[in-house]
There are 2 protein chains.
Amino acid sequence: MSESVAPAVVDLLGVLAYAELLAFDRMAADARLAPDLRRRAMLSEMAAREIDNYCRLAERLRQLGVDPEAAMQPFVPALHEYHEQTDPKDWLEALTKAYVGDGLADDFYREIAAFLRSPDRELVLDVLHESRFSEFAAEEIRSAIAADPRVANRLSMWARRLTGEALSQAQRVAADRAELIGLIAAEVGDQAGLMALFKRLTTDHTARMTAVGLNN
Amino acid sequence: MSESVAPAVVDLLGVLAYAELLAFDRMAADARLAPDLRRRAMLSEMAAREIDNYCRLAERLRQLGVDPEAAMQPFVPALHEYHEQTDPKDWLEALTKAYVGDGLADDFYREIAAFLRSPDRELVLDVLHESRFSEFAAEEIRSAIAADPRVANRLSMWARRLTGEALSQAQRVAADRAELIGLIAAEVGDQAGLMALFKRLTTDHTARMTAVGLNN
């Protein structure tokens with residue numbers, strides 16, 4: 001490796017890179033669920049940003065002397081399974097998935113970025129999702145609920161399935177990647193620190209849900 | 001409309017925009033055929049550039065006071081049908097489709113750009129495909145033929161199907177969009193000019209095929 005690099009950092013860049021690659025693939029497919037070409041283009045554009053971020057992460061891994069494919073490989077089963085289990089069956093499910101999933105992911109990345117040194121810290125902060133995309137998704141969800149209040153219940157249930165599946169796959173990764181978990185544990189300090197991190201993530205998630213009229 | 005704009009120009013930007021939107025969708029799906037994550041990322045990145053180009057074309061249409069969706073609508077059936085009829089069944093078919101289709105499309109855009117005024121001329125020239133993508137596709141096709149010469153025959157047949165289907169759908173559009181064809185006819189001058197344009201396109205296509213070991 002051309003720079004000395006902790007295995008946990010390689011793991012982190014690897015899981016982010018594969019998450020982006022797969023998010024691209026799934027969002028591109030979900031765009032077909034859009035009711036018109038304008039909305040389809042919007043989700044397609046969100047997907048395109050994911051692949052741009054993938055390219056930056058893969059480039060950083062190469063710079064560190066790490067083959068991006070090797071770095072991503074350990075995370076293929078968990079991320080693949082998450083998406084298999086949460087395949088949206090209509091446009092609103094697709095948007096809710098993007099809104100909830102990207103929001104949670106961004107919060108998590110922000111927490112993790114604080115543990116990293118330059119330039120990885122800036123890179124991870126840079127691959128956060130653009131707020132105009134979550135605003136678009138939020139607006140679509142709000143209008144759908146305004147038009148038919150029963151939608152709120154259906155999408156709330158769907159959001160719970162998304163977070164449940166995400167948590168389950170995160171546990172799977174945690175059980176498998178001791179170094180990555182070691183990095184997080186070392187940084188948050190202790191059990192209380194970990195609980196505090198978890199609480200921040202769930203508080204923000206709940207706020208996001210409430211903001212569009214969904215309940216946790 | 002905020003600028004005076006010929007219907008043929010709206011047609012042209014509309015067909016390009018929808019071609020990009022659909023190319024994104026199809027390439028993103030085709031990326032799943034890739035044998036490894038590196039190759040998959042490369043085709044995904046090609047797809048992402050298509051959606052970026054879509055955004056620029058849609059933005060220009062809006063600037064001209066035209067709803068992008070309305071401008072694209074007339075071309076939905078022909079472009080959809082082209083892709084339905086040429087759905088690649090493996091990685092090499094997907095790459096050949098990108099290589100042959102993008103090459104032909106770029107040649108055609110370059111010809112058309114010459115007929116346009118600024119800023120549409122520069123915009124159309126700007127949405128041409130990056131050469132690194134066609135080089136990547138060409139290299140993949142060449143290596144596959146080197147590894148198994150029978151591949152050349154299969155992909156040559158596939159390329160003929162692609163061009164045949166493209167021509168058939170182009171004729172469908174031509175029959176339907178008098179103004180677009182009027183623009184091209186007025187610019188090339190006469191029947192001889194049209195034949196010369198067609199000859200340039202086929203000559204370049206043949207050269208591209210030969211360059212990767214395929215025959216026309």
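In chain A of this predicted model, A:P119 sits in the loop that runs between α5 (91–113) and α6 (120–126). The peptide bond joining A:S118 to A:P119 is cis, with omega at about 0°. Turn to chain B and you'll find a cis bond between B:S118 and B:P119 too, again with omega at about 0°. B:P119 lies in the loop between α5 and α6 (120–126) of chain B.

**How the two chains relate**

In general, a rotation about an axis plus a shift along it relates two copies of a chain. What turn lays chain B on chain A? Here it takes a turn of 180° and a shift of 0.0 Å along the axis, and the RMSD comes out at 0.0 Å. The two copies are thus related as by a two-fold rotation axis.

If you want to find that axis in the picture, look for B:A48: among the residues of chain B, this one comes closest to the axis, with its C-alpha at 2.2 Å. As for where the chains touch, 100% of the interface residues of chain B are also interface residues in chain A, so the copies meet through the same surface.

**Chain A as a whole**

Helices are the theme here: chain A has ten helices and zero strands. Followed along the sequence, the pattern reads α-α-α-α-α-α-α-α-α-α.

How does the radius of gyration of chain A agree with that of a compact globule? A compact globule of 216 residues would be near 17 Å, and chain A has 17 Å, so the two agree. Measured out along its principal axes, the C-alpha trace of chain A spans about 55 × 40 × 25 Å.

Of the 216 residues in chain A, 53% count as buried. Take the contacts in chain A between residues at least 6 apart in sequence: 81% of them join residues at least 24 apart. On the outside, chain A exposes about 9800 Å², with carbon and sulfur atoms supplying 56% of that area. As for charge, chain A carries 25 positive and 35 negative side chains, and the centres of those two sets are 4 Å apart.

**A helix and a residue that reach across**

Some parts of chain B make contact with chain A, and helix α4 is a good place to start. In α4 (residues 76–85) of chain B, the buried residues are B:V76, B:A78, B:L79, B:Y82 and B:H83. What do they pack against? Within chain B, their partners are α1 (7–30), α3 (68–72), α5 (91–113) and α8, and from chain A they meet α2 (37–63).

B:D25 is another residue to look at, and you'll find it in helix α1 of chain B. Is B:D25 buried or exposed? Its relative accessibility is 5%, so B:D25 counts as buried. Leaving aside neighbours within four places in sequence, B:D25 is in contact with A:A28, A:R32 and A:R40.

**Inside and outside**

Helix α8 (residues 150–176) of chain A holds A:S156. With 0% relative accessibility, A:S156 counts as buried. Not counting residues up to four places away in sequence, A:S156 touches A:L214 and A:N215.

In chain B, helix α5 is home to B:L95. B:L95 also counts as buried, at 0% relative accessibility. Which residues does B:L95 touch, once those up to four places away in sequence are not counted? They are B:L43, B:F136, B:A137, B:E140 and B:I141.

For a contrast, go to B:P149, in the loop between α7 (131–147) and α8 (150–176) of chain B. B:P149 has 60% relative accessibility and so counts as exposed.

Each of these residues can be paired with another one along its own chain. Here are the separations in sequence and in space:

| Residue pair | Apart along the chain | C-alpha separation |
|---|---|---|
| A:S156 and A:M209 | 53 residues | 8.1 Å |
| B:L95 and B:R32 | 63 residues | 12 Å |
| B:P149 and B:Q191 | 42 residues | 41 Å |

So what does the table say about B:P149 and B:Q191? Their C-alpha atoms are separated by 41 Å, with their places 42 residues apart along the chain. For A:S156 and A:M209, 53 residues apart along the chain, the separation is 8.1 Å.

Technical notes:
Residues numbered from 1 in each chain as written. Chains lettered and ligands numbered in written order. Predicted model: local features only at pLDDT ≥ 70, side-chain atom pairs only at ≥ 80, totals over all residues. Heavy atoms only, no water. Least-squares fit on C-alpha atoms with pLDDT ≥ 70 in both. Contact = heavy atoms within 4.5 Å. Helix = DSSP H or I, 4+ residues; strand = E, 2+ residues; numbered from the N terminus. Rg over C-alpha atoms; globule rule 2.2 N^0.38 Å. Buried < 20%, exposed > 50% of the residue type's maximum accessible area, 1.4 Å probe, protein only. Areas by Shrake-Rupley, 256 points an atom, 1.4 Å probe, with all protein chains shown as cover. Lys, Arg positive; Asp, Glu negative; His and termini not counted. Charge placed at Lys NZ, Arg CZ, Asp CG, Glu CD.
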